[in-house]
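This note is addressed to a colleague who is opening the structure for the first time. Please read the numbered points below with the sequence and the model at hand.

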Amino acid sequence: MTNVDGDSKHIQNLVASCPLLEILKLTVVFPTFSSLVIHAPKLKQFHLEGKIRSVCFKNTPLLEQVSFLDLGLYEEQSIHGKFKLVELFSSLPALRALRFDSNFTKGIAADKVPTRASLRAVHLSSIRLESFRLDDLVGMPFVVFLLRISPNLKNIKISHITVVGDISKNLYLHPLDVEEYSDVKLDQLSVVEFSDFTGAWNEMRLAKLILINSPRLEKMVIRTKATACTEKQELMILKELIQLARPSPTAKIIYE
C-alpha cells in the first residue's frame, strides 16, 4: 500500500482481516501514524517507509524480513518515536533479515539502548543499515546491541552518513574496550561491507570490533567516500586496519 494516510486503525483492521497475508509493504505519508499494531499470523515480510512513532507486532511468528526506512532526511524535525527495543525483537522470533536507517534509531532513543540484553535473535543472519549515523548518541550503541543479540549473524552492510552543520558539532565518540565487549560473539559472520567510509572515530571502532570478534570472517569490504578522504587518509585507514590482530587467518580487507 502506498501513500497511506489517515487512521492507523483502518490499516490494522485490514491486515487483521487477511489471515493469509505474507507480504506487507506500506508507504506512509504525512501526517504520521501515532502507532501501528500488526496481527498477521502468516506474515513473512514487513516493509515500512515513512515516519511512524511505534510499531507493535502482536502475532507474527513467521515474520522473517523487516525494514523501517524514513523517506525524510536526518533533520531535527524528524519524529522521535516510542519503539521498545527489547519488546520489538522479542516479538519477532523468526527474524532473519533486518533493514533500517538512522531515523529508525531515533525512534528508540527515548527508550534508550540496553548495554546488556538476555534476548537472542538466533535466526537473524543479515543486517543492512542505510544512510546510517554512527556519530550520534544512538547509532553505535544500537549496532553493538544488535551484534550482542545476533550469534548467527552472517553478513552486515552499512552505508554511513556524516552530517555537517550544527547537528555534527556534538558528535558521540564511542569507546572501544575489548573486555567490555567480550560478550560479542560473531562466530558465523563472513561478510561485512562499509560504504561511504571516511575513517571517522566510530567507523574505525566498529570495524575493529567486528574484526577482533569474527573468527570466520572471509572479507571486509570498505568503500571510501571520495569527497571526504584524501589519498593519504585512505592509506592511513588501510594501514591501521591491516595491522590489527584478528582471529580469522583468511579474512581479507578489500579497500575500494
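In which strand does Asp101 lie? The points below begin with that residue and then turn to its surroundings.

1. The model is a predicted one. Within it, Asp101 belongs to strand S6, which covers residues 97-101.

2. Asp101 merits attention for its charge. Although Asp101 is buried, it has no salt bridge. The nearest side chain of opposite charge is that of Arg99, at 8.4 Å, whereas a salt bridge requires a side-chain nitrogen of Lys or Arg within 4 Å of a carboxyl oxygen of Asp or Glu. Neighbours within four places in sequence aside, the contacts of Asp101 are Phe68, Leu69, Asp70, Glu130, Ser131 and Phe132.

3. Phe100 is also part of strand S6. Its relative accessible area is 0%, and buried means under 20%, so Phe100 counts as buried. Not counting residues up to four places away in sequence, Phe100 touches Phe68, Leu69, Thr105, Arg128, Leu129, Glu130, Phe132, Phe142 and Leu146. A separation of 53 residues in sequence lies between Phe100 and His47, yet their C-alpha atoms are 9.8 Å apart in space.

4. Two of the residues touched by Phe100, namely Phe142 and Leu146, appear in the list of buried residues of helix H4. That helix spans residues 139-149, and 11 of its 11 residues are buried; it is therefore largely enclosed by the rest of the structure. The buried residues include Arg148 as well as Gly139, Met140 and Pro141.

5. The strands deserve a point of their own. An open sheet is formed by 9 strands with parallel pairing, in the order S1-S3-S5-S6-S7-S8-S9-S10-S11. At its edges are strand S1 (23-27) and strand S11 (252-255), each of which pairs on one side only. From one strand to the next, the twist averages 5 degrees.

6. One pairing may be followed in detail. Strand S3 (residues 45-49) and strand S5 (residues 65-69) run parallel and are joined by 5 bridges. Glu49 has Leu69 of S5 as its bridge partner; Leu69 is also among the contacts of Asp101 and of Phe100.

7. Two further helices lie across strands of the sheet. Helix H5 (residues 201-211) crosses strand S8 (155-160), strand S9 (191-197), strand S10 (219-224) and S11, and runs at about 170 degrees to S9. Helix H6 (residues 231-242) lies across S9, S10 and S11, running at about 175 degrees to S11.

Technical notes:
Residues are numbered from 1 along each chain as its sequence is written. This is a predicted model: local features need pLDDT of at least 70, side-chain atom pairs count only at pLDDT 80 or more; totals for chains, interfaces and linings use all residues. Side-chain values use heavy atoms; hydrogens and water are left out. Buried means under 20% relative accessible area, exposed over 50%, partly exposed in between (1.4 Å probe, protein chains only). Helices (H or I, at least four residues) and strands (E, at least two) are DSSP runs, numbered from the N terminus. Two strands pair if DSSP finds at least two bridges between them. Axes are lines fitted to C-alpha atoms, for helices over the stretch in contact, and angles run from 0 to 180 degrees between N-to-C directions. Contact means heavy atoms within 4.5 Å. Lys and Arg count as positive and Asp and Glu as negative; His and the chain ends are not counted.
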